[in-house]
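Thanks for sharing this one. Here are my notes, set out as numbered points so that you can follow them beside the coordinates.

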Amino acid sequence: MNSLTTKKLKKSLVSTEFFVLVLIVLLAVFIEMQSGLFFTNNNLVDLLRSMIVPSIFALCAYLGFISTGPDVSFPLIAALSSYIATQFVVITGFQGSIAIVFLVAIAVGLVLGSINGFIIAKYNFPSLIVTLGTSTIFSGILLGAFEASRMELPATMADFGRQSLLAVTNAKAGIGSSLPMTFLIFVGLYIIVYFVLNHTMAGRGVFAVGGDETSAERAGFNVKLIRFGVFTVSGAIAAIAGVCYTVESLYYLPTEFAGEEMIVIAAVILGGTRLMGGVGTLKGTILGTLLITIVTNSLILVGIPVYWQKFFIGAIIIIGTAISVIQSHNLFKSKKSKDSKGLQNSEVVINETAQKQ
Amino acid sequence: MKLLKNNSLSLNQLDGNTARLLTMFVAIFLVASLTKPDMFLSSGNFQSMSKQLVEYGLLSLGVGIAMISGGIDLSVVYIANLSAIVTGMVMKALVLTAVGPELLLFILIAVLAGVLTGFLCGAFNGFLISKLHIPAMLATLGTMQLYMGIAIIISGGSTVSGIPRVFSQLISNSYLFGIPLSFFIYLFVVGFIIFIMSKTKFGMRVFLIGTNARAAAFSGIKINNVLIKTYILSGLLASLAGILSLARLSSAKADFGSSYIMQTILIVVLGGINPNGGYGTIRGIFLATITVQVISSFLNMFPEISNYYRDLIWGVAVIGVLIVNFSANKKTTAKLAKATAN
Amino acid sequence: MSENILSVKGVHKSFGGVHALKGVDLTIKKGEVHCLAGENGCGKSTIIKVISGVHKPDSGEVELNGKKYTSITPSEAIEAGVQIIYQDFSVFPNLTVMENLAINKALASKKKFINKKEFRRIAEEAVNKINFKVDLDALVEDLPVADKQLIAISRALLADAKLIIMDEPTTTLTKTEVKRLFEIIEDLKEQGVTILFVSHKLDEVYEICDSITIFRNGENVLSCQVSEMDDEKFAYYMTGRKFDSQNIKQNAKAGDSILEVKNLSAPGFDNVNFNLRKGEVLGISGQLGSGRTELSLALFGLLKPYEGSIVVDGKEVNITSPAKAQELGIALVPEDRLTEGLFLSQSIKRNINVTKLDELSSKLGVMNITALTDESKGWVKNIGVKTKDHEYPVQTLSGGNQQKVVLARWLATNPNVLILNAPTVGVDIGAKHDIHTLLRNLANEGRGIIVVSDDVKELVDVCDRVMVMQQGKIINEIASGDLNADMLSQYI
């Protein structure tokens, strides 16, 4: 029993989440020592604020990975559905609750997500290619058919964006920051997703399908339905992120979404989610997003020019994934040596998973 | 598992895809020629088409080779930009005061610096993927940011311009039989890559690694070596694309052409490369490249149609091609199963 | 009538143009352990799928527990008490033992939410049924193979199994694990559970089964009590041919040393010494995990030894990679044909040519296509790969022919030392005979052959001497004169 608990302890100590946490703490302490500005109330609130939309997007990427594979379409689903929701308010002059605006976006998101889900589930194509394809389609619809462009938000939405949950002022610097209401949506979504994934059969089905498709089918899970469901729900979540981003910026900005997918995927992978499916935690997803947000938000505090940002993000992705890959290979060796597949030679360890996209 | 996933068989499959692509190309070409004869069939249009497709055509070749090896290269656009910036900056530093033959030598040195950049970037990708076993998608996702970061840092985040006129004139505005020099360079490269992938042992090994990396290792293939070369090749192609774009635009920027990443992957899939690795032909990528160019040039002739409709068409095309190939493969598989059973 | 739990009558099934089952019968009595044997492609897996409801038969009937079905659905099969233990065990590597055990039951009862306490209770009930000690919170991917199988078995019992179908259950188990499995099977039998044991290993059939049915080419060719079986009969009914296994081995004269291993240690084995001579077939045996596979990998440059030396042809060498091994004239036919041996979707030609690329290319790396084609065609003919065209994907071949392709690939390099790991697993008896004959001929040509295997009969038939490994060490060496199956079985 004793050895069991120490084993568990050891396991949690070598987990990717733990490494990311250490990295975050080190980075925070380093920034604090250099600038004294990290642990200030306004910086922390700023961080939280900047995390909201990437974290919600991260849910989409996370769901894609644990069930199937990479999904790169969520930024454009967000862009298209928040555009339609905004237009709905503008055209109808809708004055009611912001919840309805969200519902309109969600409905659009569900439809767009279900397109991904249908193609991926029906044909078993690589999700990366399919979502790449659909997101170009969505982009074509948004910018071509709708000719979407920057627009000011109608009052209903702008008001919601201006409301703040918490406002702080840094007495020394005289800078104020506020936390928008969308923060609650972000927290709520994580709680719901956590509950569904861990406490419902459907949620366990998502992991089961990602872990071993054939076994899932034999156990009686409807694999195609689960994949379809995941991508459809992911579309809805992306739509929520889209509206959050729009109300936070107080403008609808159609071109600001594309490109976000790469950073978000990087954050999710940093957080320990496996590319090949079935493994990954929400905790890791949040931590990964936090790490990337700190790099993009706070490096400036230590006087590192903005144009170093990309360099640091790239370096963190490479180092972070290298560490987790090397770690999992160590496990691979010690574990598999028992069933005599523990090939140490580096050439052989390239398995299909390493190359799998 | 592999068997289930790879619903592809080598017999006839790709010829089917090439035939479909060719039909598509001819059909679109005819439609364009018939509906917009004066605009589409003008030599000016052919010149501009052949100029435009060169850069993403080269990038697609690199992505295609990486995909055949079972990976992917998302960093090509930024390798191209970084190479262009390096070339541009070296050129500016060396050339400003130079004249005559010295000038040409300096230009050559600057171009070599750009090519070397592509080589190094590709080698680093290959190192991460082969030696450190980072999945190709992640490794190149990281280096994509990294190379963009380096490009921003060395260019200070601004556009590199003020390139010597001679350079642009030489590469971008020289014509042979009315066809731009850059297109000849592209054709030559396509021929070269077709040769590499179909006639050399390196090419065969790339296909085999893409099919089953573990079996490749057990067959004595030096996987690390082949993969590093694969990504170096992709890096070199990207740097060439970057240098040509520098010549065409007389400027270079760290985040130029971000949408090309998507476009290159679309072209590669359209060209019939199996996203799981191991299958596809370079001539398929070439056909897909010119098809895409003809479509977009044709669409450009309708000012009332927004440029963005092109995206829509490409997206639909890629998914359509996937589905058509899928059904065609199913038929081939069934046929083959029948043939071998008897 | 009711003494039979399963009675299949005249079942036909075709896929496309392939007639997989040609009117087979299969009858299993309640409470017995029944063996279903046959070569690959004989229709074994198809009949399993018909019984479990995955495939609908074209004609014929299935009677389960006295109830007749013309076609049965998967849920009807489960309700009737049919459970399958698949070769890959059908577990979820990324979930805990507890979830793996409880999830099927929860699914079957159409639960929407998860009750962790109930999951634990179900899981405990399951493992207790076969007295299986395991950490319920461990992830299945961290468990040894045998435990995964026990998870599958206890999960099957949870579903109130009356007939458990085990598809080649011993292939990935060590000898002790097989023993434990057999104890569990005996135990299940006592509890009144019927077992359909799919296997082609005769010694196991003798040990555990009561009766046997043999399939060949989609027909059942024999049904009898195991007590009426013998080796010759078994081989005859499996293949339809008669073999004289004794005359494979000729008294070859072993020559000079060709490969010498001194104090070699690497992860998986320790301080191994041996000497392989020209013209000799050396067997290396031992249980799964004994280090036999690791030893073969180290000799092929896929596992780095931390000490000791390897001498090839009198020269000490450092084998750093398979390419280097090939240079030294060493070849390895790997253990797992599908993942380590073949490029399944590529052509037979490419599969054979892979080792010849350097030799048959110009200095600049341009392939000599004609030479490569001739090479491949030649081997297909020489070694007897049954195919219409060497441009066909290798996945269209049967197991035995696939193995011949891997062999051809390495024979093409003209190796002095040929190492084969589990050379005839999943290979039908006919091709097995061909391969064994080929190995002897290769030895007679003066090559050194190492056969790594746990197939006792194979070792006795083909080897001049056998080394037995246990926990990474060589514990015994049995020379030609003393080599017989009973003795060898004792050591492994």
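1. Let me begin with what is missing: between chain B and chain A the count of salt bridges (a side-chain nitrogen of Lys or Arg within 4 Å of a carboxyl oxygen of Asp or Glu) is zero. The rule likewise finds zero residue pairs in polar contact across the interface of chain B and chain A, with both residues required to be at pLDDT 80 or more. A polar contact here is a pair of N or O atoms within 3.5 Å; within protein, one must be able to donate a hydrogen and the other to accept it, and residues adjacent in sequence count only if both atoms are side-chain atoms.

2. A word on the ground rules. This is a predicted model, in which local features need pLDDT of at least 70 and side-chain atom pairs count only at pLDDT 80 or more, while totals for chains, interfaces and linings use all residues. Residues are numbered from 1 along each chain as its sequence is written, chains are lettered from A and ligands numbered from 1 in the order in which they are written, and side-chain values use heavy atoms, with hydrogens and water left out.

3. Back to chains A and B. Contact (heavy atoms within 4.5 Å) involves 61 residues of chain B and 53 residues of chain A. The two chains bury about 5,100 Å² between them, and carbon and sulfur atoms give 75% of that; buried area is the accessible area (1.4 Å probe) that two parts lose on being put together, summed over both. On the chain B side, H133(B), M137(B) and R214(B) lose the most area to chain A, together 14% of what that side buries.

4. Which elements of chain B give two or more residues to the side that touches chain A? They are α1 (2-5), α6 (100-131), α7 (136-155), α11 (213-218), α12 (223-249), α13 (260-270) and α15 (309-341) of chain B. Helices (H or I, at least four residues) and strands (E, at least two) are DSSP runs, numbered from the N terminus. The largest share, 15 residues, comes from α7(B). By class, this side has 41 nonpolar, 15 polar and five charged residues, where Ala, Val, Leu, Ile, Met, Phe, Trp, Tyr, Cys and Pro count as nonpolar, Asp, Glu, Lys and Arg as charged, and the others, Gly among them, as polar.

5. Next, chains B and C. Here 40 residues of chain C are in contact with 35 residues of chain B, and the buried area is about 3,100 Å², with 65% from carbon and sulfur atoms. The rule finds three salt bridges across this interface. One pairing to look at is R205(B) with D358(C), a salt bridge whose closest N and O atoms are 3.2 Å apart. There are also 11 residue pairs in polar contact, both at pLDDT 80 or more. On the chain C side, α10 (322-327), α11 (337-341), α12 (348-353) and α14 (399-411) each supply at least two residues, and α11(C) gives the most, with four residues.

6. Do look at T211(B), which lies in helix α10 (residues 201-211) of chain B. Its side chain makes a polar contact of 2.6 Å with the side chain of Q346(C). A polar atom of the T211(B) side chain also lies 2.8 Å from the backbone oxygen of F207(B). Is T211(B) buried or exposed? It counts as buried because its relative accessibility is 3% (buried means under 20% relative accessible area, exposed over 50%, partly exposed in between; 1.4 Å probe, protein chains only).

7. Within chain C, the assignment gives domain 1 (4-245) and domain 2 (252-491); such bounds come from an automatic or database domain assignment. The C-alpha centres of these two domains lie 33 Å apart. Between them, 15 residues of domain 1 are in contact with 12 residues of domain 2, burying about 1,100 Å², 57% of it on carbon and sulfur atoms. The rule finds zero salt bridges across this domain interface.

8. Finally, two backbone angles to check. K110(C), which is not a glycine, has a positive phi of about 55°; its place is in the loop between α3 (97-108) and α4 (116-129) of chain C, and K110(C) counts as exposed at 66% relative accessibility. Q471(C) has a positive phi too, near 45°, in the loop between β19 (465-470) and β20 (473-478) of chain C.
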